[in-house]
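Notebook open, coffee poured. Today I want to look at how two neighbouring parts of one chain meet.

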Amino acid sequence: MLKHDADLELFRDNFRRFMQEHIAPYYLQWEKDGIMPREIWTKLGENGFLCVDLPEQYGGYAVPTYYSLMLVEESARAGYGALSTAISCHSEIAAPYILHIGNEAQKQYWLPRMVTGEVVGAIGMTEPGAGSDLQAIRSSAILQQDDYYLLNGSKTFISNGQHADLVILAAKTDPAARAKGVSLLMVDTHLPGFKKGTNLEKIGLHSQDTSELFFDQVKVPKQQLLGQAGQGFAYLMQELPRERTAIAATALGAIRGAIDITIRYVQERQAFGQPIAKFQNTRFVLAQAKIDEQATAAFYERCLELYMAGEMDVQTAAAIKAFSTDMQMKVTDHLLQLFGGYGYMTEYPISRFFVDARIQRIYGGTNEIMKEIVARDLLGR
Ligand SMILES: Cc1cc2nc3c(=O)[nH]c(=O)nc-3n(C[C@H](O)[C@H](O)[C@H](O)COP(=O)(O)OP(=O)(O)OC[C@H]3O[C@@H](n4cnc5c(N)ncnc54)[C@H](O)[C@@H]3O)c2cc1C
């Protein structure tokens, strides 16, 4: 169990106040617009809520990683699932790739800009023909005159895709090879030939800009290769534990937030002359949600400890991702039921908790793939 950290609680209160002032009044409109304004990133940066665990020489605050994950959890708890995912892709996924794999010049260039929000980060793996089976990606980046990579292809479903200034992109630098041909490039989205496609319409996470990206003869300077050519898959394996722990942070926050609002609702809503909180079913459903929350929190905190100790392995990361997001889906579904018809109305935040939960079982590797990883560990292949 992580010990109580008074500074973390102060930081949490600051972030809650920030959300109250800068997110709450506008979030429903952003959901209707299908996107958050670009300025929210600079506002998050100005207030010290991006990439907070980065070392000080890159502009960060060098606080433990669980401070950073707390922001992902709290935004989900407040009912801002799209914000939680956006911050997660930027601070929990894109920035750590650069910190762990990048060279000094790359870190000095990109990371301070990500801390301030001047640069929004995204991670571009999925393609129309390659989701779970990432080895099938077709985007290619071929080195020309030992000077730049010529990038061609497309990506889809890329979170932060509209606002992104930087995409950590998986592409084949050796198209003849399968996994061994995949490399990671840091691609500046302002380069000629880089085109942002449609901001995709989704059943949930409406204000999260999830986009197609197209690359037509984009010249990516060879200095923007992340790590070694051909090592893309190895880097993915290395970084997935953080990504999947972050998805669990969103799940835990959402479970807690759904419980918070349901406790209030069932005490106010009357049926048969009494608050619906008096019905045994209501009490049992809420109690089960609390039990599920406690189980998720215990597993999540254990994973945080493992991650902080550098001991989080791929199968444990897969397990927490599948477990926490299955719990999130189950809890939000069961709690929505307690709202009756109002639970189906977008005006009631529980409806958002429910629709935003659905994607969590799909992205970051589907939960079926997570079970494959756990099974492979059990069975040896
Ligand atoms: C809102 C949203 C945001 C996203 N953000 C990003 C992002 O920022 N960056 C990014 O790169 N991608 C992102 N994705 C893509 C996401 O990671 C993929 O959708 C996901 O990995 C699944 O790939 P797919 O959609 O191609 O499904 P498929 O791979 O076609 O899978 C279809 C079904 O087959 C099952 N399946 C596939 N292979 C196996 C197997 N071996 N065993 C058992 N079942 C299997 C899957 O579990 C699934 O149920 C996002 C997706 C969405 C919808």
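I began with the area: domain 1 and domain 2 bury about 2100 Å² between them, and 63% of that is on carbon and sulfur atoms. Note to self: this is a predicted model.

Next I asked which three residues supply the most of the area that domain 1 buries against domain 2. They turn out to be Gln106, Trp110 and Val120, with 26% of that area.

Then I checked the bounds. The domain assignment runs domain 1 over 6-120, domain 2 over 123-228 and domain 3 over 233-379. I stayed with domain 1 and domain 2, whose C-alpha centres lie 22 Å apart. On the residue count, domain 1 puts 27 residues into the contact and domain 2 puts in 24.

Polar side of things: how many salt bridges are there between domain 1 and domain 2? I get one. I also looked up Arg38 and Asp165, and their side chains form a salt bridge at 3.2 Å, N to O. For polar contacts between domain 1 and domain 2, the tally is 11 residue pairs, both partners at pLDDT 80 or more.

Last, I went through the side of domain 1 that touches domain 2. The elements that give two or more residues to it are α2 (27-33), α5 (81-101) and α6 (104-116). Of these, α5 gives the most, with 11 residues. Sorting the residues on that side of domain 1 by type, I have 18 nonpolar, six polar and three charged.

Conventions
Residues numbered from 1 in each chain as written. Predicted model: local features only at pLDDT ≥ 70, side-chain atom pairs only at ≥ 80, totals over all residues. Heavy atoms only, no water. Domains from an automatic or database assignment. Contact = heavy atoms within 4.5 Å. Buried area = accessible area lost by both parts, 1.4 Å probe. Salt bridge = Lys/Arg side-chain N within 4 Å of Asp/Glu carboxyl O. Polar contact = N/O pair within 3.5 Å; in protein donor to acceptor, adjacent residues only side chain to side chain. Helix = DSSP H or I, 4+ residues; strand = E, 2+ residues; numbered from the N terminus. Nonpolar A, V, L, I, M, F, W, Y, C, P; charged D, E, K, R; others polar.
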